[in-house]
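Visitor: I have a model open and would like to learn how to read it. Could you walk me through some features, one at a time?

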Amino acid sequence: MSRPPLPAIKRHRLFDQVAEHLAQMIYSGELKVGDALPSERELMEHFQVGRPAVREALLWLNKKGLISVSGGERARVTEPDPRDILDQLSGSARFLLSRPQGVQLFQQTRLLVEVALAREAARMATAEQVAELEELLADNLAGYDLEEFAQTDDAFHFAIARMTSNPVIIALYEGVLDLLQDQRHTSLKNPRALADARDCHSRIFQAIAAHDADGAEAAMRRHLHDVETYYWAVRSQKP
């Protein structure tokens, strides 16, 4: 009876091993935010590798947002930024958005995220946050130019996201909304889109101000459903 072939042994490059070791030191807290890493020469001696391996490892860690590298200074451990995660996914995300099914996936993601944000905002909004949202709504309702509306629309929705005070959620929301900018501009070409968006924004604000979580969720769900509907209607009319 023949035995199944053994899997090939992966050969890790030297810089991969150096980068992984340094990353584990950061994850474990041995290297803390603000700490300077050893010099290139010290790293070379410690890991018994050449300068190219050390520099490649530092470049990898910098790309992952774990360290910052400034010319002439030692690399330092940096505070993690949730936006770095989305930046790394940007290329793949834009490739997905080049296809209709990819757009639908991101529309669904935005719906799930923003409906939850509206519900949380209604539950926890402070008087100051409600007042700020009211001002942003007034700006949004006053803008008749489509470009101006788009800008005030962003400000209104971002204010709702910020009410969670959760940087990961805010970064996720900003990333998804940025990727769906074309959706907004396309959907607004529908004659009914602008009036319906203003009406939904008013309903969303009223529910949040009244701390009506169910109402805020329903209003946001209707709003995003309208945006998706108008987007695909306009797309279907293109030659």
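Guide: Happily! Let's begin with a single residue: Ala127 is exposed, because its relative accessible area is 62% and the cut-off for exposed is over 50%. Please keep in mind that this is a predicted model.

Visitor: Where is the place of Ala127?

Guide: Ala127 belongs to helix α6, which covers residues 127–142. There is also a long-range relation to look at: Ala127 and Ala209 are separated by 82 residues in sequence, yet their C-alpha atoms are 8.3 Å apart in space.

Visitor: Now to helix pairs. How do I describe two packed helices?

Guide: Two packed helices are described by the angle between their axes and by the distance between those axes. Take α5 (residues 100–124) and α7 (residues 146–162): their axes come within 8 Å and cross at roughly 65°. That angle makes α5 roughly perpendicular to α7, since the class runs from 65 to 115 degrees. The crossing of α5 and α7 is left-handed.

Visitor: Which residues in α5 meet which residues in α7?

Guide: From α5 come Arg110, Glu114, Leu117, Ala118 and Ala121, and they meet His157, Ile160 and Ala161 of α7. By character, the residues of this contact divide into five nonpolar, two charged and one polar.

Visitor: Let's turn to the backbone. Which value does phi of Gln48 come near?

Guide: Phi of Gln48 is near 60°, which is a positive value in a residue other than glycine. You will find Gln48 in the loop between α2 (40–47) and α3 (51–63). Gln48 counts as exposed, because its relative accessibility is 67%.

Visitor: And what is phi of His211 near?

Guide: For His211, phi is near 55°, again a positive value in a residue other than glycine. His211 sits in the loop between α10 (193–209) and α11 (213–237). With 44% relative accessibility, His211 counts as partly exposed.

Visitor: Last topic: how is a pair of aromatic rings described?

Guide: By the distance of the ring centres and the angle of the planes. Here the count comes to one aromatic pair. Its rings are those of Tyr231 and Trp232, with centres 4.9 Å apart and planes at 80°, so the pair is edge-to-face; the cut-off for that class is over 60 degrees.

Visitor: Is Tyr231 buried or exposed?

Guide: Tyr231 is buried, as its relative accessible area is 2%. Its partner Trp232 counts as partly exposed, at 26% relative accessibility.

Key
Residues numbered from 1 in each chain as written. Predicted model: local features only at pLDDT ≥ 70, side-chain atom pairs only at ≥ 80, totals over all residues. Heavy atoms only, no water. Axes fitted to C-alpha atoms, helices over the stretch in contact; angles between N-to-C directions. Helix = DSSP H or I, 4+ residues; strand = E, 2+ residues; numbered from the N terminus. Parallel < 35°, antiparallel > 145°, perpendicular 65-115°, else oblique. Left-handed = near helix turned anticlockwise from the far one by under 90°. Contact = heavy atoms within 4.5 Å. Nonpolar A, V, L, I, M, F, W, Y, C, P; charged D, E, K, R; others polar. Buried < 20%, exposed > 50% of the residue type's maximum accessible area, 1.4 Å probe, protein only. Phe/Tyr/Trp six-rings, centres within 6.5 Å; stacked < 30°, edge-to-face > 60°.
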